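Welcome to the tour! Open your viewer, and we will go from one selection to the next.

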Amino acid sequence: MSTYRIAVIGGTGPQGRGLAYRWARAGHTVLIGSRSAERAEATAAEIRDRAPGASVASGVNDAVAREAEVVLLAVPYDGHDALVASLAPVLADTTVISCVNPLGFDAQGPYGLDVPGGSAAEEAASLLPDAHLVAAFHHVSAPSLWKSSDPLAHEDVLVCGDDDCAKAVAIELARCVTGRDGVDAGRLRMARQLEPLTAVLISVNKRYKVRSGVAISGLPR
Ligand SMILES: NC(=O)c1ccc[n+]([C@@H]2O[C@H](COP(=O)([O-])OP(=O)(O)OC[C@H]3O[C@@H](n4cnc5c(N)ncnc54)[C@H](OP(=O)(O)O)[C@@H]3O)[C@@H](O)[C@H]2O)c1
């Protein structure tokens, strides 16, 4: 397996921290990004505590993005476009993975938002025309990533994108989470289906008091 320098934008949140932890444990170099260098370093220190010997550094978002070969967007959809646009100058030729789920919550529970650009991932791709954008890791829950280091062997990571090389990177990085390759779910526009599917998982979690995930049957393993 290749090792990558991976920057996590919004790495102080539970999802970015959880994926960063899994990737750092697997031997990748991880750079935690934040709008605040202090917050980024606090999260990097937490990960180093959980994964002694792992290579985990930190910085403000654009600084870590500039240094990385692979960048994870792990920020809320609210404010996403402005943040992503601000990173465009440093993300040319970079593999960018979006796990952003544009969700709303009302009295009936979670739901997928209507996204003007189709999906958060497609909006990011439009804002980052020189980057290689894929979407993945929408359905693995932050507590599952952080609370244990065991592979989430009962789950699959679905990956979609229009750039085969970038997709291969995300498919490979899924191994650090589930213990097996991510599943190629098709072109980037499939993010329109993948992102709001998370609302279904949250509903199931609430009903059954579980942390559900997605597993695809019928694949050759
Ligand atoms: N939580 C999950 O289980 C889960 C699972 C799958 C996918 N996701 C998706 O992953 C993304 C991150 O989830 P999360 O739960 O970690 O989110 P979060 O805690 O709400 O946000 C992550 C980080 O984003 C930064 N941030 C917040 N608002 C921002 C803004 N307007 N502009 C720039 N940065 C901002 C904050 O970091 P600083 O203040 O340090 O900059 C924050 O710690 C979301 O899109 C979510 O839908 C989450």
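Start by colouring the whole protein by pLDDT, the predictor's confidence in each residue from 0 to 100: the average is 97, and 100% of the residues score at least 70. This is a predicted model, where local features need pLDDT of at least 70, side-chain atom pairs count only at pLDDT 80 or more, and totals for chains, interfaces and linings use all residues. Residues are numbered from 1 along each chain as its sequence is written, and side-chain values use heavy atoms, with hydrogens and water left out.

Next, select the ligand and the residues near it (those with a heavy atom within 4 Å). You should find 21 residues, and the closest are Thr12, Gln15, Ser34, Arg35 and Val75.

Now look for polar contacts (pairs of N or O atoms within 3.5 Å). Which atom of Ser34 lies 2.6 Å from an oxygen atom of the ligand? Click on Ser34: the partner is a polar side-chain atom. Then select Gly13, where a polar backbone atom is 3.3 Å from a ligand oxygen. At Asn101, a polar backbone atom is 3.2 Å from an oxygen of the ligand.

Conventions
A polar contact is a pair of N or O atoms within 3.5 Å; within protein, one must be able to donate a hydrogen and the other to accept it, and residues adjacent in sequence count only if both atoms are side-chain atoms.
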